[in-house]
Amino acid sequence: MRVPFFLDQASTLAPRVDALYYGLVALTAIMMGIIFLPMFYFLYKYRRGNKADRRPIRIPTWKIEMTWTVIPLFIVIGFYCWGSSVYFEIERPPAKAMEINIIGKQWMWKLQHAEGNREINQLHVPVGETVRLTLTSQDVIHDFAVPAFRIKQDVLPGRYVVEWFKATKEGTYHIFCNEYCGVSHASMIGEVIVMSPAAYQDWLARGQPEETLVQSGERLFRELGCSGCHMGNSQIRAPRLEGVFGKPVPLQGGQFVVADEKYIRDSILLPQSQIVYGYAPLMPTYAGHVTEEELFQLIAYIKGLGNKQPEYMK
Ligand code: HEC
Ligand SMILES: [Cu+2]
């Protein structure tokens with residue numbers, strides 16, 4: 001369904017979001033009709049001087065009350081279920097997806113592909129492929145929105161948020177920052193370029209990045225001295241990082257946390273906040289020494305370290 005005064009529908013989410021929206025508009029229109037049509041009819045029928053029957057009606061009021069309470073109740077519960085199913089689809093990215101890292105800053109979007117290609121205010125993606133965006137901000141709150149895909153997500157400093165889409169039509173679509181973020185907020189715009197898979201491969205190859213994301217992460221892991229402690233041949237006993245990603249980690253104090261992107265990030269920036277069970281709090285903080293981009297690369301490297309069992313589980 002395409003209504004001419006509406007935007008392009010260019011992702012799998014777009015028709016679902018629009019259907020819900022049109023459904024709500026239709027419900028609102030019907031409710032308006034139910035109220036206003038009788039109103040005009042009664043205005044006409046009971047106008048002054050008309051000989052209408054003005055005796056009070058004798059229907060039990062509980063019947064009327066029940067009808068106009070129960071029917072709308074089921075209608076809004078229906079909308080609630082419909083709305084939540086759309087919401088959960090938007091909020092739960094599919095497990096298998098192409099990954100893009102995005103950093104918002106005053107006033108631009110900096111992106112990096114797993115292959116290492118970098119972009120500013122542009123995102124090239126292949127049509128028909130699920131794309132997962134991991135976003136953070138290096139200063140204030142921004143918001144990454146692509147109206148043609150019906151996606152929109154606040155991007156916060158110090159956190160990772162996730163957005164996903166699967167583009168269904170080749171073309172060029174707007175990216176907006178949808179959260180007022182300072183004087184040049186209005187120029188924090190860009191475009192998603194949806195290409196055929198072959199054209200996308202060409203584009204990737206033309207970029208000729210020096211390193212993939214994982215390779216950059218590996219280099220940093222050595223340059224920053226992480227490997228000195230974490231490769232197992234130092235004076236300091238530090239946990240091996242192979243296979244840690246995605247697993248529950250036991251902490252001092254008895255809780256467990258799942259080692260996701262945010263956990264790795266905090267391990268690097270705030271190592272004192274969550275100490276791995278059985279280890280001493282000897283890891284120095286890297287806050288101020290690594291950029292958001294480098295954090296993404298380190299995380300990609302640790303993620304890519306394979307799925308071997310972490311040491312504590314052996
Ligand atoms: C001085 C030695 C040392 C250096 C250098 C070091 N770490 Fe650590 N790291 C540790 C120790 C000890 C722990 C366990 C205690 C804790 O949780 O802080 C740890 C914990 C971690 C964890 C949590 C591991 C788990 O099993 O949950 C991650 C992730 C991590 N470090 C990543 C890094 C990265 C990335 C770097 C480099 C930017 C780095 N570390 C540099 C000593 C070090
Ligand atoms: Cu912004």
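## What a pocket is

A pocket, as the word is used here, is an open set of grid points with protein on both sides within 12 Å along at least five of seven lines. By that definition, the second largest pocket has a volume of about 300 Å³. Keep in mind that this is a predicted model, so read everything below as a look at a prediction.

## The second largest pocket

Who lines this space? Helix 1 (13-45) and helix 2 (61-91) each chip in at least two residues. The lining is made up of L27, I30, M31, I34, I35, T67, W68, I71, P72 and I75. Sort them by class and you get 9 nonpolar residues, 1 polar one and no charged ones.

## The largest pocket

Now for the largest pocket, which holds about 590 Å³ of space. Three elements give two or more residues to its lining: helix 5 (226-230), helix 6 (261-269) and helix 7 (292-303). Helix 6 gives the most, with 4 residues.

The lining counts 35 residues, and H230, P239, L241, S267 and M283 lie nearest the centre of the pocket. By class, there are 27 nonpolar, 5 polar and 3 charged residues in this lining. If you wonder how such spaces are found, rolling a probe the size of a water molecule over the atoms shows where empty space is left.

## The iron site

Two of those central names, H230 and M283, turn up again at the iron atom of ligand 1. H230 uses its NE2 atom and M283 its SD atom to coordinate the iron, at 2.0 to 2.1 Å. The two residues come from distant parts of the chain: H230 sits in helix 5, M283 in the loop between helix 6 and helix 7, and they are 53 residues apart.

What geometry does the site of the iron atom have? It is octahedral, with angles of 87 to 180 degrees among 6 donor atoms.

Are the two residues buried or exposed? H230 counts as buried because its relative accessibility is 11%, under the 20% cut-off. M283, at 28%, is partly exposed, since that class covers what lies between 20% and 50%.

## Helix 4 and its two sides

Have a look at helix 4, residues 213-223. Its buried residues are L213, S216, G217, L220 and F221. Why do they fall on the same side of helix 4? Because they cover an arc of only 140 degrees around the axis. On the face turned away from that buried side you'll find the exposed residues R222 and E223.

## Some unusual backbone spots

Most residues other than glycine have a negative phi, and most peptide bonds are trans. Here are some spots in this model that go the other way.

Take the peptide bond from Q106 to W107: it is cis, with omega near 0 degrees. W107 is found in the loop between strand 1 (98-105) and strand 2 (108-113).

Then there is N121, a residue other than glycine with a positive phi near 60 degrees. N121 lies in the loop between strand 3 (118-120) and strand 4 (122-126). R150 is not a glycine either, and its phi is positive too, at about 60 degrees. You'll spot R150 in the loop between strand 6 (142-146) and strand 7 (151-155).

Do these loop residues count as buried or exposed? N121 counts as buried because its relative accessibility is 19%, and R150 counts as buried at 15%.

Technical notes:
Residues numbered from 1 in each chain as written. Chains lettered and ligands numbered in written order. Predicted model: local features only at pLDDT ≥ 70, side-chain atom pairs only at ≥ 80, totals over all residues. Heavy atoms only, no water. 1 Å grid on protein atoms, 1.4 Å probe; cavity = no way out; pocket = protein on both sides within 12 Å on 5 of 7 lines; lining within 4 Å. Points joined across faces, edges and corners; volume = space filled by probe spheres on them. Nonpolar A, V, L, I, M, F, W, Y, C, P; charged D, E, K, R; others polar. Buried < 20%, exposed > 50% of the residue type's maximum accessible area, 1.4 Å probe, protein only. Donors = N, O, S within 2.8 Å, 3.2 Å for Na, K, Ca; no water. Tetrahedral: all angles 85-135°; square planar, octahedral: opposite > 155°, others 65-115°. Arc of directions from axis to C-beta.
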